[in-house]
Amino acid sequence: GFLVGFTILTGFFSGYVFSHSGSVCLGTEISQHLPELSEFKTNHPELADIVDSIPDVLYEDRAAATVQKYAGAFNRWSCWAKEHRLTPLPADPVGVSVYVIHLASTASSPSPVLTAVHGIDWAHRKASLPGPGNHSMVQQLVDGLKRRLARPARKMKPLGHSDLDRLVAQFDKPDCSLQDLQMLVLITLGFRGFFRWSDLSSLHTDDVRISDEFLSVFLAGRKNDQFRQGHVIPIARSDSATCAVNLLERFLTKASHLQGAPLFGKIRSTVKGCCIRGRMTYSRARENFKAMLSDIELDPAEFCLHSLRSGGASAALRTPGIPVRLVQRHGGWRCIESLEGYAEESLESLLLVSRHLD
């Protein structure tokens, strides 16, 4: 079964979501509203094994992380509802309305409210029941709370091409440490491949293929690759000091990875020198990245690891001769509108509008 909430042991009929204070039988709770499966299995015992596999497949209509998020939200709602003598499933829209107001009283953003409603609706869909999120009262409350709890979005800056040059010039020394070399590979790959942190952290040594002219990076799945078809992203070799391919070759030689190990990992000291073992965490990657930005006198508070993706995309969109459709394909954006949100226009390009009105 899935790890949802804290633990799910199996599917619908014997699945449990455990909390620190006890357990909520999510699977059994949902299965009570799917009597047709039990009835079908009773009438056709020879198909029982196939019927028993249906719950697991139903859970896979969303990514595992999404299922974990929704099931955790439903678990919290279920505990709260039972504490106040309410039925978690099917849920009373008025009870859900009271619950979201309760959540909003301690929330600093709309996120807890939206997660709760989506999680409750998700559980209702699994039980083939109408979700309370479609009720007019719940919808209006959610819209109202989104306005009340809204905060100005603080968009992080994209990493500029000149920033990338400065980082490599600062840290790519003859005596460059394995940690600095690893971070330079992570930064240049993220910039030139338009990779998210989730893409970079999922890479293994078997996912990269280096030839004389380019590097092929295989991603088994991306955030917007719902059906896990995979992507191959080619990255050209160049004579530039910021060439991700050349830096990666040096890194692979120096890091002594185990076969099929994560590409980016923890630095370990051995009698033979330093090597890469395990997987690098997000917090360590962010900490190292921000420290490197500080060393070249950039404000680390203005950047995050996603600045690599947005920086590379912005640079590509500003470069004459690169078709937008190729930028869209390289970064795996489904539509141009999504890609345009990553582009940071220069002041010079923004001034073109008013200059052409003379």
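## Exercises on ring pairs, a pocket and a helix

The structure holds 7 aromatic pairs. Keep in mind as you work that this is a predicted model.

**Exercise 1. Classify the ring pair of Y70 and W122, and find where its two members sit.**

Start with the geometry: the ring centres of Y70 and W122 are 6.5 Å apart, and the planes meet at 50°. Planes under 30 degrees apart would count as stacked and over 60 as edge-to-face, so this pair is tilted. Next, place the residues: Y70 belongs to helix α4 (residues 64-83) and W122 to helix α6 (residues 111-126). With these positions 52 residues apart, the pair links distant parts of the chain. Finally, check the surroundings: both Y70 and W122 are buried.

**Exercise 2. Do the same for W197 and Y282, then decide how exposed each residue is.**

The centres lie 6.0 Å apart and the planes stand at 65°, so W197 and Y282 form an edge-to-face pair. This pair, too, links distant parts of the chain: W197 is in helix α10 (residues 197-202) and Y282 in helix α12 (residues 282-295), 85 residues apart. Now for exposure, where buried means under 20% relative accessible area. W197 has 16% relative accessibility and therefore counts as buried. Y282, with a relative accessible area of 36%, is partly exposed.

**Exercise 3. Describe the second largest pocket by its volume and its lining.**

Begin with the volume, which is about 390 Å³. Then turn to the lining: it has 18 residues, and the closest to the pocket centre are R192, F194, A316, I322 and H330. Sorting the lining by class gives 12 nonpolar, 5 polar and 1 charged residues. As for the elements involved, α9 (178-193), β5 (231-236), α13 (306-318) and α14 (324-331) each supply at least two lining residues.

**Exercise 4. Compare the span of α13 with the expected value, and work out how covered this helix is.**

First, the span: α13 has 13 residues and reaches 18 Å from its first C-alpha to its last. That is close to the 18 Å expected at 1.5 Å a residue. Second, the cover: 10 of the 13 residues are buried, which makes α13 mostly covered. Among the buried residues are S307, L308, R309 and A316; A316 is also one of the residues closest to the centre of the second largest pocket. Third, the neighbours: the cover over the buried residues of α13 includes α9, α10, α12, α14 and α15 (336-340).

Terms used: Residues are numbered from 1 along each chain as its sequence is written. This is a predicted model: local features need pLDDT of at least 70, side-chain atom pairs count only at pLDDT 80 or more; totals for chains, interfaces and linings use all residues. Side-chain values use heavy atoms; hydrogens and water are left out. Helices (H or I, at least four residues) and strands (E, at least two) are DSSP runs, numbered from the N terminus. Buried means under 20% relative accessible area, exposed over 50%, partly exposed in between (1.4 Å probe, protein chains only). On a 1 Å grid over the protein atoms alone, a cavity is a set of points where a 1.4 Å probe fits but cannot get out, and a pocket is an open set with protein on both sides within 12 Å along at least five of seven lines; lining residues have an atom within 4 Å of a point. Grid points are joined across faces, edges and corners, and a volume is the space filled by probe spheres set on the points. Ala, Val, Leu, Ile, Met, Phe, Trp, Tyr, Cys and Pro count as nonpolar, Asp, Glu, Lys and Arg as charged, and the others, Gly among them, as polar. The expected span of a helix is 1.5 Å times one less than its number of residues. Contact means heavy atoms within 4.5 Å.
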